Amino acid sequence: LVPLLVSVVLMVVAAARAPAASAAPRAFFVFGDSLVDNGNNNYLLTTARADAPPYGIDFPSHRATGRFSNGLNIPDIISEHLGAEPALPYLSPELRGAKLLVGANFASAGVGILNDTGVQFVNIIRMGDQLRYFGEYQRKLRAFAGEEQAARLVSGALVLVTLGGNDFVNNYYLVPMSMRSRQYALPDYVRFIVSEYRKILQRLYELGARRVIVTGTGPLGCVPAELAQHSSNGECAAELNRAVDLFNPQVVDMVRGLNRDAGADVFVSANAYRANFDYLANPQSYGFTNVKAACCGQGPYNGIGLCTAASNVCADREVFAFWDAFHPTERANRIIVGQFMHGSTDYMHPMNLSTILAMDQLQEVCS
């Protein structure tokens, strides 16, 4: 038994180190909010958009693309690890033909788990519509590639889902005595949105997703927007972080339950809180000199309003953890993805992304 286990481990390590096979990289699908939207909202009449400078100042084209970043966002960096080009926004007219084989990004800035989250942004792709578009995408894929290849591409794809933050900052805590805060005490609200999150993930499984990374939320009380509104001394907003502390463990438990039901590790929990908090708590170790103020913005901590051409913009984005009032810089995104790729089970449970990719590659070789 021991020699067999050793040989399996060696095969996984070899697969992880092996150069990419001649086959195309695995497809990648993205669902969620502004942390992972790469331009869908550009095609919508909404205020939740990042299609004007200085967004994209460090993107390869140096143009605003709809990503809420100075450069690359988390899905872009995961695509680099897959050896793939970034999946196009689903609403992009370029998403056709062979581009369908890369995957698609369905995310939309402003959305949450709940349909009433982000209503102030008016026209965004709510989760029911993101899932409906995924079904629509698969019909286009079958027409292009055939039933068998389409099914194999979807089941072999990597899927990223990032939700939850807006259900707090753009719903429950949006205004004092919001509708949801009058309806639910915080612990009850968290249980409610986690149960709704479960339905979304279950529907993804029904639509054929078999390897899904599910993120919790980062330390919402520490973003510049919340510091600007709720902090007089730079301390994180305790109430928002209390909500996160309730939400994230319940998401992990919910994911474990889904895996028990599926009889496999379909869903992988990504600890976004830990991946963010590491560099917020110990910035010097990560080369940051400012982890409180946004690089782009105005007001206290540059946390008031939108990042626009009229905003203050820092000269060196490499030393700032936050790009705008809510979103990380590309450099911070790279640190987060690095922990998802190579971190311990404190960051990814039950296994990190490099292990997933190696195991799945091995399974493909052996099948």
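Which residues are buried in α10? In this predicted model, the buried residues of α10 are A272, Y273, A275, N276, D278, Y279 and L280, and with 7 of its 10 residues buried the helix is mostly covered. The elements against which these buried residues pack are the strands β4 (212–215), β5 (267–270), β6 (290–294) and β9 (320–322), together with the helices α9 (238–262) and α11.

The packing of α10 against α11 can be followed from the other side by looking at Q339, which has its place in helix α11. Q339 counts as buried because its relative accessibility is 16%, and buried here means under 20% relative accessible area. Leaving aside residues up to four places away in sequence, Q339 touches A275 and D278 as well as Y286, Y347 and M348; A275 and D278 are themselves among the buried residues of α10.

From Q339 the path continues along α11 to its meeting with α12. The axes of α11 (residues 330–342) and α12 (residues 353–366) come within 4 Å and cross at roughly 50°, and the two helices are therefore oblique to each other. On the α11 side the contact is made by F340, M341 and H342, and on the α12 side by L353, S354 and L357. Sorted by class, this contact of α11 with α12 comprises 4 nonpolar and 2 polar residues, with no charged residues.

Both of these helices also meet α2, since the buried residues of α2 (74–82) pack against α11 and α12, and likewise against the strands β1, β2 (103–105) and β3. Of the 9 residues of α2, 7 are buried, so this helix is largely enclosed by the rest of the structure. The buried residues in question are I74, P75, D76, I77, I78, S79 and L82. Just after α2, G83 takes a positive phi of about 70°.

Ahead of α2, in the loop between β1 and α2, lies L72, which counts as buried because its relative accessibility is 11%. L72 touches F59, P60, I77, E80, E330, N333 and R334 when residues up to four places away in sequence are not counted. One of these partners, R334, is 262 residues away from L72 in sequence, while the C-alpha to C-alpha separation of L72 and R334 in space is 8.7 Å. Another partner, I77, is one of the buried residues of α2.

Within α2 itself, S79 deserves a separate look. S79 counts as buried because its relative accessibility is 2%, and, again leaving aside residues up to four places away in sequence, S79 touches F28, A84, E85, P86 and A87. Several of these names return in the lining of the largest cavity, which is formed by F28, V30, N38, P75, D76, S79, P86, A87 and N105.

How many cavities of 30 Å³ or more does the structure hold? The structure holds 1 cavity of that kind, and the volume of the largest cavity is about 40 Å³. Its lining draws at least two residues each from β1 (28–32) and α2, and the largest share, 3 residues, comes from α2. By class, the lining of the largest cavity is made up of 5 nonpolar, 3 polar and 1 charged residues.

The helices α10 and α11 come together once more at the second largest pocket, where each gives two or more residues to the lining, as do β3 (158–162), α5 (165–172) and β7 (296–297). This pocket holds about 820 Å³ of space. Its lining consists of 43 residues, among which S34, L35, N166, F326 and H327 lie nearest the centre of the pocket. With 4 residues, α5 gives the most to this lining. In terms of class, the lining of the second largest pocket has 24 nonpolar, 16 polar and 3 charged residues.

Notes. Residues are numbered from 1 along each chain as its sequence is written. This is a predicted model: local features need pLDDT of at least 70, side-chain atom pairs count only at pLDDT 80 or more; totals for chains, interfaces and linings use all residues. Side-chain values use heavy atoms; hydrogens and water are left out. Axes are lines fitted to C-alpha atoms, for helices over the stretch in contact, and angles run from 0 to 180 degrees between N-to-C directions. Angles under 35 degrees count as roughly parallel, over 145 as roughly antiparallel, 65 to 115 as roughly perpendicular and the rest as oblique. Contact means heavy atoms within 4.5 Å. Ala, Val, Leu, Ile, Met, Phe, Trp, Tyr, Cys and Pro count as nonpolar, Asp, Glu, Lys and Arg as charged, and the others, Gly among them, as polar. On a 1 Å grid over the protein atoms alone, a cavity is a set of points where a 1.4 Å probe fits but cannot get out, and a pocket is an open set with protein on both sides within 12 Å along at least five of seven lines; lining residues have an atom within 4 Å of a point. Grid points are joined across faces, edges and corners, and a volume is the space filled by probe spheres set on the points. Buried means under 20% relative accessible area, exposed over 50%, partly exposed in between (1.4 Å probe, protein chains only).
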